[in-house]
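Please open the model in your viewer and keep the sequence panel beside it. Let's take a guided tour, one selection at a time.

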Amino acid sequence: MTVTRRLVLATLGRLSAVGVASYALGGCESFLDKIRRRPTRRDIATLATNDPMVETYKAAVAAMKALPSSDPRAWQRQADIHFNFCPHGNWFFLPWHRAYLLYFEQICRQLTGNMDFALPYWNWTCNRTIPSIFLGDSTNPLFHPGRVASPPAALSDETVGPGVINGILNETNFLLFASGQATVQRPSQPPVYGPLEGTPHNTVHGFVQGDMRTYQSPRDPIFWTHHNMIDRIWSDWNNVRGNANTNDPSWVGYEFTANFVDANGSAVNIKAGITPLLPLLSYQYDDSAITACGGRRLTRAEVDAKALRRFLEEGFAVKIRPLRVFRAAEAMDVPVGGAASKSLRATQPALTAALEGETRALVRVSGVKQPPTGDFFVRVFIGLPGASIDTPTTDPHYAGSFAFFMDQDAHPEGTMANAAFLVDATSTLRRLRMLDLIRSGQELTIQLVAVRMTDQPLRQTTLPVGSLELQLVQSDIAARPSFAEAPGTQ
Ligand code: C2O
């Protein structure tokens with residue numbers, strides 16, 4: 001018996017124990033065959049415009065648009081699911097959107113009869129303009145009116161380039177990879193956006209504009225292929241890079257109750273802790289490398305064996321331990337199209353001592369009055385008081401960027417307008433220290449530069465920020481099998 005086969009069988013034993021097999025698999029075919037032949041989600045750029053995956057996607061979208069609104073699989077009803085339930089700025093962001101895509105894909109299969117259909121993904125790291133299958137006019141079901149971005153308008157290196165995505169993939173701690181901890185999908189506490197959600201994810205919504213900048217974004221067929229790329233990044237982070245998610249019961253055991261409907265339109269429940277298995281059971285990604293554009297990643301067999309082994313050991317106690325917080329006292333207003341600078345009382349010895357090993361230096365920008373329009377984004381620099389809109393992101397003081405995605409109509413209580421963003425500044429601080437650009441005894445300064453994303457008139461011309469901090473945190477990952485200890489399993 002091969003390693004993969006043994007791992008699959010061992011995994012299935014555990015799956016029946018946690019009750020996943022029924023909805024992830026189903027049917028009378030052998031589990032192993034069904035898993036082995038699960039449909040492959042492909043990069044749109046590798047598909048001809050008449051590829052069966054593209055044709056099926058078009059036909060499925062057209063079919064959903066034609067359903068009566070009494071059918072929960074109807075196009076607008078699917079967008080309503082997002083408007084009513086989508087979690088943003090917390091660690092349910094990744095599992096919720098994965099489940100959302102899974103059921104959407106199953107509806108597409110059902111409505112078209114193409115059971116091999118897998119949702120294509122838009123690899124915006126390698127292809128920065130809106131893919132041509134989405135262009136044209138209303139005779140194309142994948143076209144959507146109201147977008148602002150159209151080719152040659154292109155996403156920038158600083159928000160979706162290979163450097164940014166590799167930086168995100170190199171994070172090993174789930175709490176820093178995913179967004180902030182929460183106990184419910186739409187908590188009353190302010191959201192905390194990690195780099196994956198706050199940078200490429202939010203930027204692409206703001207770049208496309210139109211419905212894509214709102215919680216009605218799934219009305220635009222590009223949404224599903226955008227989120228499929230986010231899902232691909234999470235899948236690679238787990239299954240290719242070998243990182244584990246948290247085993248915190250408040251994440252693993254959290255159930256999305258009657259948020260989604262299945263292929264027949266019946267309401268379904270799914271737990272966050274099951275979603276890491278979906279790329280191993282219900283679909284898979286093609287072998288293209290996501291950041292080495294045009295390259296290949298590990299072969300399928302290597303990935304599957306690695307992923308399943310990881311699952312068997314999965315559920316890690318993932319922690320971040322705060323070491324020190326350096327805070328800039330006052331609130332600030334950042335003019336859009338300009339810059340603002342604050343100093344922190346973080347003297348160099350404390351900083352260098354802490355910048356070792358598993359320590360991360362995070363710039364935390366909190367109390368941000370997130371604009372509902374997503375038409376600008378923010379660059380973060382360290383130690384460059386003269387930073388301006390013209391400072392290039394190749395400057396050694398550049399630390400990263402974040403963008404906005406919120407919908408006032410979906411959050412009338414206003415929680416999403418008071419947001420926090422994390423930018424990992426560890427490598428920037430190390431670089432500055434190496435170049436001797438942080439001087440001993442001097443205060444450290446942090447700059448925010450608000451950059452316009454489009455030429456459209458702005459609806460918000462300053463960005464109010466509540467506080468700026470530099471946090472030194474220790475990443476702490478302890479291996480501990482979680483399912484073995486779950487009640488009711490042996
Ligand atoms: Cu809930 Cu990118 O959307």
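Start by selecting A267, which lies in strand β4 (residues 267–271); helices (H or I, at least four residues) and strands (E, at least two) are DSSP runs, numbered from the N terminus. A267 is exposed, with a relative accessible area of 56%. On this scale, buried means under 20% relative accessible area, exposed over 50%, and partly exposed in between (1.4 Å probe, protein chains only). Show the neighbours next: leaving aside residues up to four places away in sequence, A267 touches A258, F260 and V261, where contact means heavy atoms within 4.5 Å. You can also draw a distance from A267 to T257, 10 residues apart along the chain: their C-alpha atoms are separated by 8.6 Å.

Before moving on, a note on what you are viewing: this is a predicted model, in which local features need pLDDT of at least 70 and side-chain atom pairs count only at pLDDT 80 or more, while totals for chains, interfaces and linings use all residues. Residues are numbered from 1 along each chain as its sequence is written, and side-chain values use heavy atoms, with hydrogens and water left out.

**The whole chain**

Zoom out now. The chain's secondary structure comes to 16 helices and 15 strands. Of its 490 residues, 58% count as buried. Among contacts in the chain with a separation of 6 or more, 79% are accounted for by residues 24 or more positions apart. Turn on the surface: its accessible area comes to about 18,600 Å², and 52% of that belongs to carbon and sulfur atoms. Accessible areas come from the Shrake-Rupley method with a 1.4 Å probe; for residues, only the protein chains shown count as cover.

**Helix α4**

Select residues 52–66, which make up helix α4. This helix has 15 residues and reaches 21 Å from its first C-alpha to its last, close to the 21 Å expected at 1.5 Å a residue; the expected span is 1.5 Å times one less than the number of residues. Which residues of α4 are buried? Colour M53, V54, T56, Y57, A60, V61 and M64 to see them. Look down the axis of α4: the buried residues fall within an arc of 165 degrees, so they line one face of the helix. The arc is that of the directions from the helix axis to the C-beta atoms. On the other side of α4, P52 and A66 are exposed. To see what covers the buried residues, add β1 (40–41), α5 (75–85), α6 (93–112) and α11 (222–239), which are included in that cover.

**Salt bridges**

Next, show the charged side chains. A salt bridge here is a side-chain nitrogen of Lys or Arg within 4 Å of a carboxyl oxygen of Asp or Glu, and the count comes to 14.

Pick D157 and R128, whose side chains meet in a salt bridge (2.8 Å, N to O). D157 lies in helix α7 (residues 157–160) and R128 in the loop between α6 and α7, so the pair ties together parts that are 29 residues apart in sequence. D157 counts as exposed, at 51% relative accessibility, whereas R128 is buried, with a relative accessible area of 19%.

Go on to R219, which forms a salt bridge with D211; their closest N and O atoms are 3.4 Å apart. R219 counts as partly exposed, at 26% relative accessibility.

Now select E469 and R327, a salt bridge with closest N and O atoms 2.6 Å apart. This pair links distant parts of the chain, with E469 in strand β15 (residues 467–478) and R327 in strand β6 (residues 317–328), 142 residues apart. E469 is buried, with a relative accessible area of 9%, while R327 counts as partly exposed at 45%. Then highlight R41, R98, E105, R109 and D231, which salt bridges that share partners join into one network.

**Back to β15**

Return to strand β15 and pick V473. Is V473 buried or exposed? At 6% relative accessibility, V473 counts as buried. Its contacts, not counting residues up to four places away in sequence, are I320, R321, P322, L323, E358, T359, R360 and L362. The C-alpha atoms of V473 and A361 are separated by 6.6 Å, though 112 residues apart along the chain.
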